[in-house]
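Q: Please take a close look at the charged side chains of this model and the pairs they form. Please then follow the same ground to the aromatic rings and to the backbone of the loops.

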Amino acid sequence: MTTEFSFRHHVIDSELPHAFYAQTALVDLDNDGRLEYIVGQNSADIFWYKYHAPDKWSRHLLGKNSPSDVGGCAFDVDGDGYIDFVAGGAWYRNSRDPDKVWERFVFDAGLSAVHDVVAADLDGSGKLGVVTNSDRHNLRWYKIPADPTQPWTRHDIGPAVHAGASVGDVNGNGYLDVVRTNVWFENVNGDGTEWVENPIAPNTPPPPDFQPYFAFDATYSVVCDMNGNGKNDIVFTDAEIPGGTLWWMENAHGKGMAWRRHEIAGGFTEVDGQKARRGAYHSLYVGDLDGDGDFDVFSCEMEGVGGERPPRYYIWENLDGKGGAWQEHVILDVNLGGHAAVVGDVTGNGLMDIIAKPWNAQPSNALGGKTFVLFLENVSA
């Protein structure tokens, strides 16, 4: 018996300045026990939204002059008990005042066009550092000093590609490694000073009719134990190409040296007996979405790299608990695409909600080309 997922959607903002939007997070910024939503313009303003009701949110300016492209992450950078925000080579200190813009500190003035920003403890110090990835700069991590307003220490991991960075213990030795699109980097000494690159498998190549520079080697990835055998696997989406797929790689012996591919979702939809190419899956959440204790998967089609029909939102239910059988659920089909969507219990009812927005809103969307923020309230029984 499969789960019946039910979401009620709310357009919580359709008056954003037209721009490219990413840098998303869903965290408690004011320590009131509720989640707030962060979204930033490419190389411009960053906003945050306060939840009041499913259809009522207030927008606030978090910071200006973001140096990031898509990448942003939220955590307590300065250790004062309040969540801060990292975007590209800068971080923004929580002002603790919804009407006051956050103070901006630059930790690497040369870091720009960042697609992935991940907070992780790569040196075993018990303190988070920051992993960044982009096609203009190599894959690297930064150690944060005791005074985070001073320059951060940079450590290089591997060469540049567009996207796909995530962190997890791939070989089971207790150290956090770094995954990126089609390879993983072993944290040899557990202190982030030495890295060895190991292959996983190729991702999907761009189709012949869509080959901009950003379409190559661009995925989302999540490290998790999909089949419950105690060994970490990796879930991937093709994030920048139409007709891409969603799959997971089984860590066959638990050491990251042998992998088996398992398909979750294809890049086409059957419409009136014919295949229609889907848009890019530029979002990825892996977690228990139906309360049965295993890993389900969420993603959605985006507008900027669209398919041959209006974009839709999906949950793939893990039917056997081991990633061997999947049921696709279309949870929203209203011609509003999603990009860098985030998932969390916003309403406090114990169910996981979803917040999304476009990268660049398309004239054909349901709001006449307006840029928007969309809240999917989980009202499943």
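A: **Salt bridges and their surroundings**

The structure holds 17 salt bridges. The model is a predicted one, and every value below is computed from its atoms.

A first pair to examine is that of Lys 50 and Asp 30, whose side chains meet in a salt bridge with an N to O distance of 2.7 Å. Lys 50 belongs to strand β4, whereas Asp 30 lies in the loop between β2 (21-27) and β3 (36-41), so this contact ties together parts of the chain that are 20 residues apart in sequence. The two partners can be described by their accessibility. Lys 50 has a relative accessible area of 13% and is therefore buried, given that the limit for this class is under 20%. Asp 30, at 30% relative accessibility, counts as partly exposed.

Lys 50 also has a salt bridge with Asp 32, with 2.3 Å from N to O. Asp 32 is in the loop between β2 and β3 and Lys 50 is in strand β4, so the pair ties together parts that are 18 residues apart in sequence. With a relative accessible area of 38%, Asp 32 is partly exposed.

The loop that supplies these two acids contains a further residue of note. Asn 31 lies in the loop between β2 and β3, and its relative accessible area of 42% makes it partly exposed. Most residues other than glycine have a negative phi. Asn 31, although it is not a glycine, has a positive phi of about 60°.

Elsewhere in the chain, Arg 277 forms a salt bridge with Asp 209, and the closest N and O atoms of this pair are 3.0 Å apart. Arg 277 is placed in strand β23 (residues 274-277) and Asp 209 in the loop between β17 (195-199) and β18 (219-224), so the bridge ties together parts that are 68 residues apart in sequence. Arg 277 counts as buried at 17% relative accessibility, whereas Asp 209 is exposed, with a relative accessible area of 55%. As for bridges that have partners in common, Asp 30, Asp 32, Glu 36 and Lys 50 are joined into one network by salt bridges that share partners.

**Aromatic rings**

Strand β4 also leads to the aromatic side chains. Across the whole structure, a search finds 15 aromatic pairs. In one of them, the ring centres of Tyr 51 and Trp 57 are 5.1 Å apart and the planes stand at 75°, so the pair is edge-to-face. Both Tyr 51 and Trp 57 are buried. Tyr 51 also pairs with Phe 375: the centres are 6.3 Å apart and the planes are at 65°, so this pair too is edge-to-face. This second pair links distant parts of the chain, with Tyr 51 in strand β4 (residues 46-53) and Phe 375 in strand β30 (residues 373-378), 324 residues apart. Tyr 51 has 11% relative accessibility and hence counts as buried; Phe 375 counts as buried at 0%. Together, Tyr 51, Trp 57 and Phe 375 form one aromatic cluster.

Charged groups meet rings as well. Arg 261 lies over the face of Trp 247, at 4.1 Å from the ring centre. The charged end of Lys 275 sits over the ring of Phe 268, and its distance from the centre of that ring is 5.8 Å.

**Two further loops**

A positive phi is found in Arg 96 also, a residue other than glycine, where the value is near 65°. Arg 96 has its place in the loop between β8 (90-93) and β9 (103-106), and at 48% relative accessibility it counts as partly exposed.

Gly 126 belongs to the loop between β10 (116-120) and β11 (129-133). With a relative accessible area of 67%, Gly 126 is exposed. Its C-alpha atom is separated by 19 Å from that of Val 170, a residue 44 residues apart from Gly 126 along the chain.

In the region that began this account, then, strand β4 holds both Lys 50, with its bridge to Asp 30 in the loop between β2 and β3, and Tyr 51, with its ring paired to that of Phe 375 in strand β30.

Conventions: Residues are numbered from 1 along each chain as its sequence is written. This is a predicted model: local features need pLDDT of at least 70, side-chain atom pairs count only at pLDDT 80 or more; totals for chains, interfaces and linings use all residues. Side-chain values use heavy atoms; hydrogens and water are left out. Rings of Phe, Tyr and Trp (its six-membered ring) pair if their centres lie within 6.5 Å; planes under 30 degrees apart count as stacked, over 60 as edge-to-face and the rest as tilted. Buried means under 20% relative accessible area, exposed over 50%, partly exposed in between (1.4 Å probe, protein chains only). Helices (H or I, at least four residues) and strands (E, at least two) are DSSP runs, numbered from the N terminus. A charge sits over a ring if NZ of Lys or CZ of Arg is within 6 Å of the ring centre and within 35 degrees of the ring normal. A salt bridge is a side-chain nitrogen of Lys or Arg within 4 Å of a carboxyl oxygen of Asp or Glu.
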